[in-house]
Amino acid sequence: MEFYYSTKLSISSDASCHFLPGWGSHVSSSSSLNLSRRRRRRRNRRTSSLRFPIAAAAATETATRKLVPISRRNEPAERVTSAMEQLDIERGVCIPFRKYTPETVRNKVLESRGSILSLIGRGVEIVWNLGLYWSALTYDCLVGRDEEVVPYRARQLRKLLCDLGPSFIKAGQVLANRPDIIREDYMNELCILQDDVPPFPSQVAFAIIEEELGQPLEQVFSRISSQTIAAASLGQVYRATLRETGEDVAIKVQRPEIEPIIYRDLFLFRTLASFLNGISLQKLGCNAELIVDEFGEKLLEELDYTLEARNIEDFLENFKDDPTVKIPRVYKQFSGPRVLVMEWIDGIRCTNPKAIKAAGIDVNGFLTIGVSAALRQLLEFGLFHGDPHPGNIFAMRDGRIAYVDFGNVAVLSQQNKQILIDAVVHAVNEDYAEMANDFTRLGFLASGTDVSPIIPALEAIWQNSVGKGLSDFNFRIVTGKFNQLVYNYPIRIPERFSLVIRSLLTQEGICFTLKPDFKFLEVAYPYIAKRLLTDPNPALRERLIQVLFKDGMFQWKRLENLIILAKENVAKMNSNPALQQKNTRSSRSLQVEKKLDLTETIKDGARMFLIDAGIRRQLIMALTEDSKLHIQELVDVYRLVEDQIDIPSVALEVLQDLPNVTRDFMLAWSDSVLSDRW
C-alpha cells in the first residue's frame, strides 16, 4: 500500500518505509534482485505480523476480502469494506486525510440553514428533468425508434446536463470517457462538453480575483483581457500582465458560489446511487456508490486551486531535467483556493499543423517527445495529466511540448504501474489468461470474478489489432473494441484508468492531426524497450527477464529487437531541436542520454548470472540449445551495442562491484544451505 500524507509513504513487501516528497515522486522498490525465491518466501512469512500497523490492517483486510464468497461481497448490507476503502485497496493507496468522504459531504450540506428545503427543491428539479428524459427514451423503445433517434437524444442529453449546472457538466465530461456506463454514440456527443461550456460574466470574475488578492486588480496587473481566453465547467481563464515584472500570466478563476452547489449535488448523487446498487452490481460488478465516490473525490480536488498549484510544482519537479517539456511556473503569492496565476504559455495549438510547420518545428521530433512525455508520466512518475485535450497542449517554437491546466491529474501507485508493465509483458508474450488477471488486479473486475469468458475476447481484440504488425496498431480502434467488451461484461473502468484511456486517445488524435500516417507504437515501443533495458528498478528487471524468457527458452531475437528499438528512441530524442538548445539546466545530464547506457544492466546481469542458479541454468541452456553453441547470437548482440558502450569502463565497473557480488553470492549460498536444512 502507498499512503498520501504531507509526504507519500510506500510500504514494500517487507514493510520497510520510503518517504518521498510530493505526489509525483518515483517510488523505487527496496527489494534486492539477489534474494533467492526461498529467501523471499521466508521473509514474507516472517513479516506476516507486519511492523507497520496501518499496513498490517490493510493486508489483513485484503486477505479477508479474498476469503469472502462472491455472493456475500455483492450484498450491500454485508459489504466487507466501504466504497472508499475499496477504492484505496484497488489503487494500492491510502489517504488518511481527504477532501471528499460521504460523511463530509453530508455534514457540509446539512449544516446550513434551509438545507432541507434546498435539497428538496434541487432534488425535484433533477428528478423532474431526468425523469422526462428517461420517459422519452422509454417511449422510443416502445415504438421501436430507439436507434434512429440516438443522435437527437444524445444532443438532448448534452443540453440537459448543461442546463442542470456545473456538477452535471462535469458528470457529462466523465461519462464521455466511461464506455462501461453509456454507449459510444452518446460518449461522442458528450465529448463536446469538454470544450464548449458557456462562460460567466467577466465583472463577476474580476470581483472574485480582487477578493482573493485582497487588493484592486490594477495594483497587481497592468493589463488584463476583457474577455475569457477559455471557459470550463468549474472556471475560466484570462490573460494578464504583472505590473511589477511585466511578465504575461494566465489567471484561472473559479465560478461564483460553485462549492455549495457541488456539495449539494454530490449528496443527491450518492443518495440516488444507494438505490441503484443492485443494477450497478449486476451490470458493472461494483456498487453505484463507489462510482459516485470516485467522481466526487476527483471533483472536489479540482475545486481547490491550491491542489492544482501543488500538481504544477510536482510536474515541474518530475520534468526538471527534461529540456523537451515545458511546464508553466505558478505564482503562489497571487494564488488561492479560487484563483490560480500561472506563467503564460506562448505556444502553438496542436490542432494547427500548418502553423507548427511554418514555425520550422520538426513534426516527427515533436511527436516523439510528446509520446515519450506521456509514457513517462504514466509508467515512470505515476502522476499524469488527465485532460490533455488540444487546448491544453502546445508546441513551443523551439520544439518543446508544453502542458497547461493541471486541475485534473491522476496518481498511479507503484503497484498499479508495475501491473501495467506486467500487462505489456503479457501482451508481448501473448499470455491472455494473465492479461485477464491483470484486469482484476487493476480493479476492472471484482475480485473472484471468473475471467475465463473474457480470455478469448481479449485474445481476439489483441490479435485483430496487431495481426498486420505492430506498426498498424491504432489505439482508438483497440479502445472501440474494448468498449464493446466492457459493455457486454461486468467490467468497471476505474476513474484513474478512464483518465489514462482518455489521455492516450486524445494524444493519439493530436498525433494523427499533425501526421495522418502516424504510428503510435513506433514511438511507444522504443521508449518501453529503453525503459526495460536501462531502468535499474528491480521490478522492471524482473519484467525484462519475463520478456527474454518464454517457456523456459531464451529469446535471442527479442533481445536484439529490444536493443534496436531502444537505440531508435535515443536517436529520435537526440534529433529534436529542443535538445540542441544551449544553456539548458540539464545539459550535463543529457550527455549520458546521447547513447544507450547499458552499464547498470550489464552489471546486474553479471550479478544475477553468478547468484541466481535458475537464471544461470537458463542462460547456459540458451547458449547450448539444440546441441550447439550459440556464439553467433552473442556476436550479433555485441555488434548492436558495441557503439553504445565503452567495454573497458564497463568491465572496470563490474570488477569494482566484484566484492559486493561476492558477498551477495555467499549470502545466497548460505541462505540456500540453511533453507535446505529447514
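**Reading a surface patch, a sheet and a buried arginine**

In this predicted model, a nonpolar patch on the surface is formed by Leu110, Ile116, Leu117, Ile120, Val124, Trp128 and Leu132, which together have about 760 Å² of accessible area.

Me: Which helix gives the most to the nonpolar patch?
Reply: Helix α6, spanning residues 115-142, gives the most, with six residues. Leu110, which also belongs to the patch, lies in helix α5, made of residues 102-110.

Me: Is Leu110 buried, exposed or partly exposed?
Reply: Buried means under 20% relative accessible area and exposed means over 50%, with partly exposed in between. Leu110 has a relative accessible area of 38%, so this residue is partly exposed.

Me: How should I read the order of strands in the open sheet of four strands?
Reply: Strands of a sheet pair through backbone hydrogen bonds, either parallel or antiparallel. Here the order is β9-β14-β13-β11, and the pairing is mixed. Because β9 (325-326) and β11 (348-349) stand at the edges with a single partner strand each, one side of each has no neighbour in the sheet.

Me: How many bridges join strand β13 to strand β14?
Reply: Three bridges join β13 (residues 393-395) to β14 (residues 401-403), and the two strands run antiparallel; Phe394 stands opposite Ala402 in β14. Helix α17, residues 363-381, lies across β9, β13 and β14, and runs at about 45 degrees to β14.

Me: Is Arg158, in helix α7, buried or exposed?
Reply: Arg158 has a relative accessible area of 14%, so this residue of helix α7 (residues 150-163) is buried. Apart from neighbours within four places in sequence, Arg158 is in contact with Glu189, Leu190, Ile192 and Leu193.

Methods: Residues are numbered from 1 along each chain as its sequence is written. This is a predicted model: local features need pLDDT of at least 70, side-chain atom pairs count only at pLDDT 80 or more; totals for chains, interfaces and linings use all residues. Side-chain values use heavy atoms; hydrogens and water are left out. Patches are made of residues with over 30% relative accessible area and no salt bridge: like charges are joined within 9 Å, nonpolar side chains (Val, Leu, Ile, Met, Phe, Trp, Tyr) within 5 Å. Accessible areas come from the Shrake-Rupley method with a 1.4 Å probe; for residues, only the protein chains shown count as cover. A salt bridge is a side-chain nitrogen of Lys or Arg within 4 Å of a carboxyl oxygen of Asp or Glu. Buried means under 20% relative accessible area, exposed over 50%, partly exposed in between (1.4 Å probe, protein chains only). Two strands pair if DSSP finds at least two bridges between them. Contact means heavy atoms within 4.5 Å. Axes are lines fitted to C-alpha atoms, for helices over the stretch in contact, and angles run from 0 to 180 degrees between N-to-C directions.
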